[in-house]
Amino acid sequence: WGRDRMPDSPKGKWLLLTLLCFAGAMVYTFPFLRYSYYDTMKEALGVTHTQMGLMQAVNGVAATFGYIPGGWLADRYSPRKLLATSLIVTGLSGFYFSTFPSYVGGLFLYGFWGVSTLIIFWAPFIKATRNLGPDAEQGRLFGFLEGGRGVFGFLIGMFTLFVFKEMGEGPTGLMWVINISAVVTVAAGLTVWLIFEDPPQGTASESLFQNFSGALKTPQVWVIGLIIFCGYGLFASQSYITPYMTGVMGAVVTYGVLMGILRTYGIQAIGAPVSGIVADKIGGPSIVIGFAFAIAALCMSILLVVPPELQNLAIVSNVMIVLALCVFALRGNFYATFSESKIPMHTMGTAVGVACFVGYLPEGFTYPMIGYWLDTYPGLPGYQITFGYMLALSLVGILATLFLRRINRQSESEEYSRVG
């Protein structure tokens, strides 16, 4: 299948989408392994908390400044080559990671992963998904992509966790986790290389400057970037509802962990695909996005007024689940808006790069900002500031979505006028 040629059969389309889900889950295993194995990784690498944070920061900086050139690469080269290369080199780097290198080696690895998992991977990953079906199917395609990544991430995570426990739950167990993940990631890359076909190059030979300037002049790209910014800000911030339930409301820690797992994996696997199907049925992902932001605003309003008492835990838990549904509805429809906005396929990669540069800025400041609020205003006041921030993100998201729909209607009217 190429840029202008979609898979010949529904079976082939869903096979390729399943492969993309698998690839999207595996390629980010190493950069985010610290979220599951933080203490063991810190021990194995022999580094401090600050050094762990700096390694992640190197990854974030490399990724942030690489979105735009990565988008240009996606417009110039085939998804098959870029995705397969990304998976294979990332997997091979895992074997070096399993030797637990020095701090300098860790900095190098995290910087390398910023290049291999985002600059080379992300934009062609999104572009390849868009190319799997017509505009009328974009919602379900991206919805199932997001949900499928969650399912594969959960299954692989559970398997490697089992191996980790069997091997002693220490650095030796982590070494096995890393090596198994490395083998599977390389295998995913080889599978992509064998199954995907090189698309024709066509007009994708434009320079970085031409594609970049074209994306900068397209207002929809900036508005989509703002929508992603608000949605990703909500996604990052919602994790603080769990410590709010345990630390302020008095819920037991195991309850908070259970709700966190449900929010992260269960809701993702269900919410994203369902929202994508709904988007296709009702005529556009931006409608689902607008409603998701509106419901999220209602959820945050409820959290701001419900007293933080243990007897209200059921209310807060249900609000958290509804909010998670909204967040994954957003994540499942972000990239379907490019098709809805008629962004040309030959500049899709660069457009994604520009929008992601704006949209994922919260990745760099959300956690330290909320951490500062919680440290400076301990207990309920810090969380009220956090929930107020999330309410503001929801309201800005509503306005951005309405603005996107208005721009798209104007563009359609102008196009009809020219044709007429």
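## Close-up views of a predicted model

**View A. Lys 342 is exposed, with a relative accessibility of 53%.** The model shown here and in the other views is predicted. Lys 342 sits in a loop, with helix H16 (336-340) before the loop and helix H17 (348-359) after it. Exposed residues are those over 50% relative accessible area, so the 53% of Lys 342 places this residue in that class. The backbone of Lys 342 also has a positive phi, about 60 degrees, although the residue is not a glycine. Most residues other than glycine have a negative phi.

**View B. Phe 100 is another residue other than glycine with a positive phi.** Its phi is near 55 degrees. Phe 100 belongs to the loop that runs between helix H5 (79-97) and helix H6 (103-119).

**View C. Thr 40 lies in helix H2, which covers residues 34-45.** The relative accessibility of Thr 40 is 12%, so this residue counts as buried. Beyond residues up to four places away in sequence, Thr 40 touches Phe 164, Glu 169, Gly 170, Pro 171 and Leu 174.

**View D. Gln 268 is part of helix H13, residues 253-282.** Gln 268 is buried, as its relative accessible area is 9%. With neighbours within four places in sequence left aside, the contacts of Gln 268 are Glu 146, Gly 147, Gly 150, Arg 263, Pro 273 and Phe 328. One of these partners, Gly 150, is 118 residues from Gln 268 in sequence, while the two C-alpha atoms are 6.0 Å apart in space.

**View E. Cys 326 and Cys 299 do not form a disulfide.** The count of disulfides in the model is 0. Cys 230 is in none, and the nearest cysteine sulfur to its own, that of Cys 326, is 14 Å away. For Cys 326, the closest cysteine sulfur belongs to Cys 299, at 5.3 Å. A disulfide needs two cysteine sulfur atoms within 2.5 Å, so the 5.3 Å between Cys 326 and Cys 299 is too far for a bond. Cys 230 is buried, at 1% relative accessibility. Cys 326 is buried as well, with a relative accessible area of 5%.

**View F. The whole protein, for orientation, contains 19 helices and 0 strands.** The radius of gyration is 21 Å, close to the 22 Å that the globule rule gives for 420 residues, so the protein is as compact as a globular protein of that length. Along the principal axes, the C-alpha trace spans about 65 × 50 × 40 Å. Of the 420 residues, 53% are buried. Among contacts with a separation of 6 or more, 84% join residues 24 or more positions apart.

**View G. The surface of the protein has an accessible area of about 17,700 Å².** Carbon and sulfur atoms account for 69% of this area. The protein carries 23 positive and 21 negative charges, and the mean positions of the two groups lie 5 Å apart. Lys 342, shown in View A, is an exposed residue at 53% relative accessibility, whereas Thr 40 of View C is buried at 12%.

Notes: Residues numbered from 1 in each chain as written. Predicted model: local features only at pLDDT ≥ 70, side-chain atom pairs only at ≥ 80, totals over all residues. Heavy atoms only, no water. Buried < 20%, exposed > 50% of the residue type's maximum accessible area, 1.4 Å probe, protein only. Helix = DSSP H or I, 4+ residues; strand = E, 2+ residues; numbered from the N terminus. Rg over C-alpha atoms; globule rule 2.2 N^0.38 Å. Contact = heavy atoms within 4.5 Å. Areas by Shrake-Rupley, 256 points an atom, 1.4 Å probe, with all protein chains shown as cover. Lys, Arg positive; Asp, Glu negative; His and termini not counted. Charge placed at Lys NZ, Arg CZ, Asp CG, Glu CD.
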